[in-house]
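This report is meant to be read alongside the sequence and the model. Please keep both in view while reading.

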Amino acid sequence: MRHVPVSNDAAAAAAAAAKILDLCSVHRGAGAQGLSMCSPCSAKFDGRTSQRIGVGDGVRASAQEAHRSLVQSVIATGFENDGQDQPTAGQVPSLTSSNNFINFCATVPNLPITNGLQIKTGSCNPAPMGVIASTANMPSSKFVFPANGATIPANQNFTIQMAISHLETGHFVNANENYFSAPQVVNSAGDIQGHSHVVIDKLTSLDQTTPTDPLNGFVFFKGLNDAAVNNVLSTTVAGGLPAGTYRLASINSAANHQPVLVAIAQHGSLDDIVYFTVSDSGAAAPPAASSAAAAPPAASSTAAAAKSTATVGAIKGSNTGKTPGNQGGFSGKGNNQAAAPPSANKPSNGFGRGGFRNGRRAL
Ligand SMILES: [Cu+2]
C-alpha cells in the first residue's frame with residue numbers, strides 16, 4: 001500500500017487530525033448494506049484499531065493512535081479534478097487535492113482547528129464527512145404538532161411532536177467536546193445514527209419575507225436526544241410562547257451534531273418547517289390572508305393534539321431553549337447546494353464552510 005506521509009510543515013493540521021480513523025476502509029471491510037459511498041475528506045488509517053470497529057455499533061472515532069499516513073484505497077482521486085472539464089455557466093472550479101485534503105486546515109492558519117468545539121468566530125474542521133446515506137436511507141421528518149397553520153394558546157405548555165423516518169435516533173455525543181469531531185455513521189440497515197433538533201424562530205408575520213436572524217432570532221431550541229417513540233420525537237415547550245407568529249424547523253443530524261448527509265444533491269427536504277400562530281385567546285388568529293384557507297384542514301387534529309399534550313404551566317416566556325440542558329450547536333448549510341438538472345454533473349466545492357454558531361449550552 002502506498003502511504004502519503006504528512007509533511008512537517010503541516011504538523012499543526014496533522015496533529016489536529018490525529019483522532020480521525022479510516023472509516024471508509026472500515027465500512028468496506030464490514031460490507032455494510034445500504035452504504036452508497038463514503039466521503040473521506042481527511043481520512044487516516046489505523047490498521048490495528050479499525051479491526052474492532054463495526055458498522056451499526058455507534059462507532060466513536062476517538063483515541064486513535066497517530067498513524068499519519070493515507071492508505072491508497074481511501075484516496076479520492078476524483079478530488080484532483082476541479083470539475084471544469086464539464087463547464088457550466090457560472091460554475092467555479094472546485095478546490096482540489098491528491099491527499100484527501102488532509103492538510104487543508106493548514107491553508108487557513110488564521111483559523112483554529114474546530115477540535116470538537118463550537119467556536120463562535122469560526123474554525124477549520126479536519127474530520128471527514130464519513131458515511132453518506134444511500135438514497136434508500138435519506139432521513140425525513142414532518143411535524144405532527146403544531147401542525148402547519150395551527151393556532152395554539154399563548155403562554156401554555158405545549159409539546160412539539162415530529163414524525164421521523166430513516167434516522168436512528170438516540171445517538172448524540174457531547175456537544176461541548178465532540179462537535180463535528182467525527183464522521184457520520186449509519187446502522188446495519190444504512191440509516192444514519194443521530195438525533196434531531198427543533199428550533200422556533202419568532203416572525204413578524206406568517207408571510208414575513210425578510211430572512212430571520214439565526215443568532216438572535218430564535219426563541220426556543222432543543223436537541224431531541226431521546227430515541228423516537230413510535231417514530232415520533234417530542235419535547236415540551238415549558239411555559240409556551242407569547243402571542244405572535246412563529247416558524248418551527250427541524251435540524252436532523254448525525255451523532256456529532258452535523259446535519260445529515262445523503263447520497264444525492266437532488267432530494268426532498270430532509271427537514272420540516274411549519275408556521276403557526278400563538279394567540280392570547282387560543283382562537284384561530286387571522287394569519288396572512290392568503291394562507292388562512294390552508295389552516296382549517298389541520299385544525300381538528302391539531303386541537304385534539306393540543307388537548308392531549310398542553311397543560312397550563314408557569315408563564316416563563318424566556319425560559320425556552322436558552323437554559324442549560326438544551327443541546328446546542330447546529331450548522332448552516334454550505335451555499336453551493338443548488339440543485340442542478342439531473343443530467344448535470346455537479347462538482348461540489350467541498351470546502352464551502354457553512355456558518356456555524358455556538359449554540360446554547362450543550363447537554
Ligand atoms: Cu445535536
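The text below moves from the chain as a whole to its strands, its nonpolar cores and a few local backbone features.

## The chain as a whole

The structure is a predicted model, and the description that follows should be read with that in mind. The protein chain contains three helices and 16 strands, and 41% of its 363 residues count as buried. When contacts between residues at least 6 apart in sequence are considered, 80% of them join residues at least 24 apart.

## Pairing around β12 and β14

Strand β12, which spans residues 244–250, pairs with two partners that are described here in turn. With strand β9 (residues 192–203), β12 runs antiparallel, and six bridges join the two; within this pairing, D201 stands opposite R247 of β12. With strand β14 (residues 273–279), β12 again pairs in the antiparallel sense, over six bridges, and here Y246 has F276 in β14 as its bridge partner.

Strand β14 also pairs with strand β6 (residues 151–153), but in this case the strands run parallel and three bridges join them. I152 has V278 in β14 as its bridge partner. Is β14 mostly covered or mostly open? Five of the seven residues of β14 are buried, and the strand is therefore mostly covered, given that a residue counts as buried if 20 or more other C-beta atoms lie within 10 Å of its own.

## The open sheet β5-β7-β11

Another group of strands forms an open sheet of three, in the order β5-β7-β11, with antiparallel pairing. Strands β5 and β11 are its edges, each pairing on one side only, and the twist from one strand to the next averages 25°. Between β7 and β11, which run antiparallel, there are six bridges; Q161 has S234 in β11 as its bridge partner.

The residue-level partners named so far can be set side by side.

| Residue | Opposite residue or bridge partner |
|---|---|
| D201 | R247 in β12 |
| Y246 | F276 in β14 |
| I152 | V278 in β14 |
| Q161 | S234 in β11 |

## The nonpolar cores

Which residues have the most contacts inside the largest nonpolar core? They are V199, L248 and F276, in a core that has 42 residues. At least two residues of this core come from each of β4, β5 (140–145), β7 (158–165), β9, β10 (218–224), β11 (232–237), β12 and β14. The core also draws at least three residues from domain 1 (3–133) and at least three from domain 2 (135–173 + 184–328). Apart from this core lies another, of ten residues, among them L70, I75, A76 and I113.

The surroundings of V199 can be listed in some detail: leaving aside its neighbours within four places in sequence, V199 is in contact with F218, F220, F221, A249 and I251. F276, which is named with V199 among the residues with the most contacts inside the core, is also the bridge partner of Y246 described above.

## Local features in the loops

Several individual positions in loops deserve a separate look. The peptide bond from F145 to P146 is cis, with omega near -10°, and P146 is placed in the loop between β5 and β6.

Two residues that are not glycines have a positive phi. For N100, phi is about 60°; this residue belongs to the loop between β3 and β4. N100 is classed as buried because 22 other C-beta atoms lie within 10 Å. For H257, phi is about 80°, and its place is in the loop between β13 (253–254) and β14. H257 has 28 other C-beta atoms within 10 Å and is therefore buried.

V108 lies, like N100, in the loop between β3 and β4, for which the strand bounds are 69–71 and 130–133 respectively. Is V108 buried or partly exposed? With 15 other C-beta atoms within 10 Å, V108 falls between the limit of 12 or fewer for an exposed residue and that of 20 or more for a buried one, so V108 is partly exposed. Although V108 and C124 are 16 residues apart along the chain, their C-alpha atoms are separated by 7.6 Å.

How values were computed: Residues numbered from 1 in each chain as written. Predicted model: local features only at pLDDT ≥ 70, side-chain atom pairs only at ≥ 80, totals over all residues. Helix = DSSP H or I, 4+ residues; strand = E, 2+ residues; numbered from the N terminus. Pairing = 2+ DSSP bridges. Core = buried A, V, L, I, M, F, W, Y, C linked by C-beta atoms within 7 Å. Domains from an automatic or database assignment. Contact = placed C-beta atoms within 7 Å. Axes fitted to C-alpha atoms, helices over the stretch in contact; angles between N-to-C directions.
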